[in-house]
Amino acid sequence: MKFKKTHNIDEISASMEGQDVVIGGWVEDLRKLGKLAFLTVRDVTGLAQVIAKDATSIPEDLTRQSVIMVSGTIQSTKARDFKFEIKANGIDILTKAVHPLPIDPIGRLESNIDNRLNARALDLRNQRVAAIFKIRHHVLASLRRILSQKRFIEVTTPKIIGSASEGGANLFSLEYFGKKGYLAQSPQLYKEQLTIGLERVFEIASFYRAEKSHTGRHLSEFTSIDIEAAFMDYTDVIDVLESLVVSVFNDIVENCAEELKTLERDLKVPQQPFERVTYQQVLGELAKEGITVQFGEDLLDSHLKIIGNNHPGFFFLIDWPMKLKPFYIHEKDENPELSRSFDLQYGYLELSSGGTRLHDPDKLRSRLAEQGLDPVNFEDHLRAFDWGMPPHSGWGMGLDRLMAVIIGTDNVREVVLYPRDPERLSP
Ligand code: AMO
């Protein structure tokens, strides 16, 4: 069996008329008109029209989405949608697609998201879906490039861990050679420790939360972009985050014009600076709507919906009460009830949270105890604070949520290949 291509479809142009090529891809459409057969063949780079002079040479059972190789000659075309066509000299069928297929991969017939996720590999033949994951690839490349330029070093921390990194109950546990292990909720403790040796680190990886949430923004397995930086305060990492988001949007507008067109998405690069809204200000805005939230109470979804309507784009929510923040967050010197922390919001959607960390181990111990966590479980972490822990700050941002904003969907399952949620563990 021969399956060596000479060209990807996007490498062929009308100026190559008369040249012989071999392409490989999937049959998207097949029509026989008298003696002629017209096929459209798609590879990951594009779509080509193939003409076979002798329709009888095309097997009757050649189905759509079968994999074929076509060797042929480039010629000009009168077809409106194509700049050239390939006159086939030979067509080899490599794999036949078995019909009926579980979803219409071209997307002419709409399938619901569950059926699509059950046939995700086939769903990717839909060009709108493929465009999302091509954009995701560019977002990842862009994040890595920009963070590297800002002198962050990419690290990989363990995903199987011996004790909770953030505290809280949302841990998946597993049996680890007779001991109890957990799936990491975040790289929080490791990334903080790594500032000792590397000063600025980032990680882009999957993390796990055993939350029974059934929303468009929660998954049990999500991809987090995390940074941690020595000698930075929360205002510095806010600046890193803001410029990162703007640069990623710029990169996507510049590099993914074709994909954005496929998605009919007019992506606008956000204006800087992003608005800074304080927690206290939010309470004031809610009070205007007749909703009383006491200082120190968490904001509910219904509150964030209202705040999101008032501030529809990107904004930082700052000056959160210490009470609402994890044990590792630093208080404000001028008001110890307030924290040096923030959330990045896109309207009502929380994209990121972060802040300045405590770097004094005694303070950290008493904060752990205050939050009902046992410092004994954190001894491995606390030890590192005696080895020259620099002041440091960082944040974590959900890649899936960022992608949802870029694509303009309110369901993160659209931007995750094989999402995991309380109901979905396969494929
Ligand atoms: P936090 O728990 O706020 O902070 O998480 C940071 C960001 O991760 C994303 N995220 C999720 N995305 C999809 N599904 C989930 N279940 C899910 N949980 C979280 C969100 C969220 O804003 N260690 C801190 C960060 C830090 O301070 O550096 C942390 O994990 O976009």
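## Exercises on the ligand and its surroundings

An oxygen atom of the ligand lies 2.8 Å from an N or O atom in the side chain of Arg209. Keep in mind that this is a predicted model. Let's work through it together.

**Exercise 1. Find which side chains, besides that of Arg209, have an N or O atom paired with a ligand atom, and how much of the ligand the protein buries.**

Step 1. Start at Tyr328: an N or O atom of this side chain is 3.2 Å from a nitrogen atom of the ligand.

Step 2. Move on to Arg357, where a side-chain N or O atom is 2.7 Å from an oxygen atom of the ligand.

Step 3. Now look at the surface. The ligand taken alone exposes 630 Å², and the protein buries 91% of that.

**Exercise 2. Describe the shell of residues around the ligand and say where it comes from.**

Step 1. There are 21 residues around the ligand. Those that come nearest are Glu166, Gln188, Lys191, Glu350 and Ser353.

Step 2. Sort the shell by character: 5 residues are nonpolar, 8 are polar and 8 are charged.

Step 3. Trace the shell back to the fold. At least two shell residues each come from helix H4 (188-198), strand S15 (349-356) and strand S16 (392-398). S15 gives the largest share, with 5 residues.

Step 4. Finally, place the ligand among the pockets: the space it takes is the largest pocket.

**Exercise 3. Work out how the chain is divided and how far apart the domain centres are.**

Step 1. Read off the bounds: domain 1 covers 9-95, and domain 2 covers 121-415.

Step 2. Compare their C-alpha centres, which lie 47 Å apart.

**Exercise 4. Locate the cis peptide bonds that lead into Pro100 and Pro427, and the positive phi of Glu199.**

Step 1. Go to His99. The peptide bond from His99 to Pro100 is cis, and its omega is near 0°. Pro100 belongs to the loop between strand S5 (85-95) and helix H1 (113-118).

Step 2. Next, find Ser426. Its peptide bond to Pro427 is also cis, with omega near 0°. Pro427 sits in the segment after helix H11 (399-407).

Step 3. End with Glu199, which is not a glycine yet has a positive phi of about 65°. Look for Glu199 in the loop between H4 and strand S10 (200-208). You have met H4 already: this helix supplies at least two residues of the ligand's shell.

Note on methods
Residues are numbered from 1 along each chain as its sequence is written. This is a predicted model: local features need pLDDT of at least 70, side-chain atom pairs count only at pLDDT 80 or more; totals for chains, interfaces and linings use all residues. Side-chain values use heavy atoms; hydrogens and water are left out. A residue is near a molecule or strand if one of its heavy atoms lies within 4 Å of it. A polar contact is a pair of N or O atoms within 3.5 Å; within protein, one must be able to donate a hydrogen and the other to accept it, and residues adjacent in sequence count only if both atoms are side-chain atoms. Accessible areas come from the Shrake-Rupley method with a 1.4 Å probe; for residues, only the protein chains shown count as cover. On a 1 Å grid over the protein atoms alone, a cavity is a set of points where a 1.4 Å probe fits but cannot get out, and a pocket is an open set with protein on both sides within 12 Å along at least five of seven lines; lining residues have an atom within 4 Å of a point. A molecule sits in a cavity or pocket if more than half of its atoms lie within 2 Å of its grid points. Helices (H or I, at least four residues) and strands (E, at least two) are DSSP runs, numbered from the N terminus. Ala, Val, Leu, Ile, Met, Phe, Trp, Tyr, Cys and Pro count as nonpolar, Asp, Glu, Lys and Arg as charged, and the others, Gly among them, as polar. Domain bounds come from an automatic or database domain assignment.
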